[in-house]
Amino acid sequence: MTIPTRPSPIQCTLDLDANGLHHGFLRLPYSRNDSAWGSIMSPITIVQNGRGPTALLTGANHGDEYEGPVALFDLARSVRPETINGRVIIVPAMNYAAFQVGTRTSPIDGVNLNRAFPGRPDGTVTEKIADYFQRVLLPMADVVVDCHSGGKTLDFLPFCASHIVPDKVQEAESFRLVRAFGAPYSVKMLEIDTVGLYDTAAEELGKAFVSTELGGGGTASFSSVDRTKRGIRNVLTAAGILEGEIEDLPTQWLDMPDANCFVFAEQSGLVEFCVDLGGMVTEGSPVARIWPTDRTGVDPVVLSAKRSGLLIGRHFPGLIKMGDCAATIAVMLDS
Ligand code: ZN
């Protein structure tokens, strides 16, 4: 990987090192028909007090996922600097253009921010955002929390997750923070493809990294937002940044050992699930059936589980397309 030497075009309207509580913007120049010298203005809050570690908190890496933005707009409004030891950088909507229109990828360049890392300072708008996080914000952080949920096309059991990484000290710290988050489920997560992920960028820089999948369907519920707010505060407390006690919330640990955790549709149609989220499946048992929609009198295609476990994720819309991830299965762990 060649490291870009060109500076980022993104300017933060705040001093990233200032003490106290400050609200401003990440301003990304975006020249277009309706604004020749216009900008994308992504809200940012920085709160700093004392000399403790730095946490970088983000939501709407995908623009149709809402638990993170709600919890982070709330935290940015309510956090008091005197309760902080260190610094918290809050970006409620990383891919702000996508967030504004409620889509997973950017409406400007079509790029998925969470596949665009390390980004480019001279690339498309989304590549510029990735580059800014890669070279400016991530290096400042000790702890990184990126809040996701399923968006419009997936639905998940509420879980907090991190990954297996080569550095076992880093990995242990990440999973300590996952436990502190206290989501109903805590997952040792396997990604379908790690290339270009913000997760991977943070982990390769040695950061303690926590991600979440806290619901889905392109909305957020009272309970999913409530657990997100409590989880973020717990992580900040566990990292020694926010004063107070960690709220001990029960969690069930899950593992995703290999690619057999994923079930993909091999034809399009009308999806009928054979089990709900949180239900148990056994290897070879049906997870879903896909009905052809162009005629009656035809059997559905059965999608079977490739391992026994708990259904933690499912395709959300009623119609499914060939190649969609239909189901995600994880294995229960004892602790
Ligand atoms: Zn996401």
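In strand 16, Leu303 is the bridge partner of Ala288. The model is predicted, so local features need pLDDT of at least 70 and side-chain atom pairs count only at pLDDT 80 or more, while totals for chains, interfaces and linings use all residues. Residues are numbered from 1 along each chain as its sequence is written, and side-chain values use heavy atoms, with hydrogens and water left out.

**Strands**

Strands here are DSSP runs of E with at least two residues, and helices are runs of H or I with at least four, numbered from the N terminus. Two strands pair if DSSP finds at least two bridges between them. Strands of a sheet pair through backbone hydrogen bonds, either parallel or antiparallel.

Strand 16 belongs to an open sheet of 4 strands, in the order 16-15-13-18, with antiparallel pairing. Strand 16 (301-304) and strand 18 (319-320) stand at the edges with a single partner strand each, so one side of each has no neighbour in the sheet.

Three antiparallel pairs compare as follows.

| Pair | Bridges | Residues that face each other |
|---|---|---|
| Strand 1 and strand 2 | 2 bridges | Cys12 and Leu26 |
| Strand 2 and strand 3 | 10 bridges | Leu26 and Ser42 |
| Strand 15 and strand 16 | 4 bridges | Ala288 and Leu303 |

**The cavity**

Leu26 also helps to line the largest cavity. A cavity is a set of points on a 1 Å grid over the protein atoms alone, where a 1.4 Å probe fits but cannot get out; lining residues have an atom within 4 Å of a point. Grid points are joined across faces, edges and corners, and a volume is the space filled by probe spheres set on the points.

The count is 1 cavity of 30 Å³ or more. The largest has a volume of about 90 Å³. Its lining includes Ile10, Ser42, Met94 and Phe133. Which helix gives the most to this lining? Helix 3 does, with 3 residues. The lining has 10 nonpolar, 1 polar and no charged residues. Nonpolar covers Ala, Val, Leu, Ile, Met, Phe, Trp, Tyr, Cys and Pro; Asp, Glu, Lys and Arg are charged; the others, Gly among them, are polar.

**The zinc site**

Donors are N, O and S atoms within 2.8 Å of the metal (3.2 Å for Na, K and Ca); water is not among the atoms, so sites may look incomplete. The zinc ion's protein donors come from His62, Glu65 and His148, at 2.1 to 2.3 Å. His62 lies in the loop between strand 4 (54-58) and helix 1 (67-78), and His148 in strand 6, 86 residues apart. Both His62 and His148 are buried, meaning under 20% relative accessible area with a 1.4 Å probe and protein chains only.

Note on methods. On a 1 Å grid over the protein atoms alone, a cavity is a set of points where a 1.4 Å probe fits but cannot get out, and a pocket is an open set with protein on both sides within 12 Å along at least five of seven lines; lining residues have an atom within 4 Å of a point. Buried means under 20% relative accessible area, exposed over 50%, partly exposed in between (1.4 Å probe, protein chains only).
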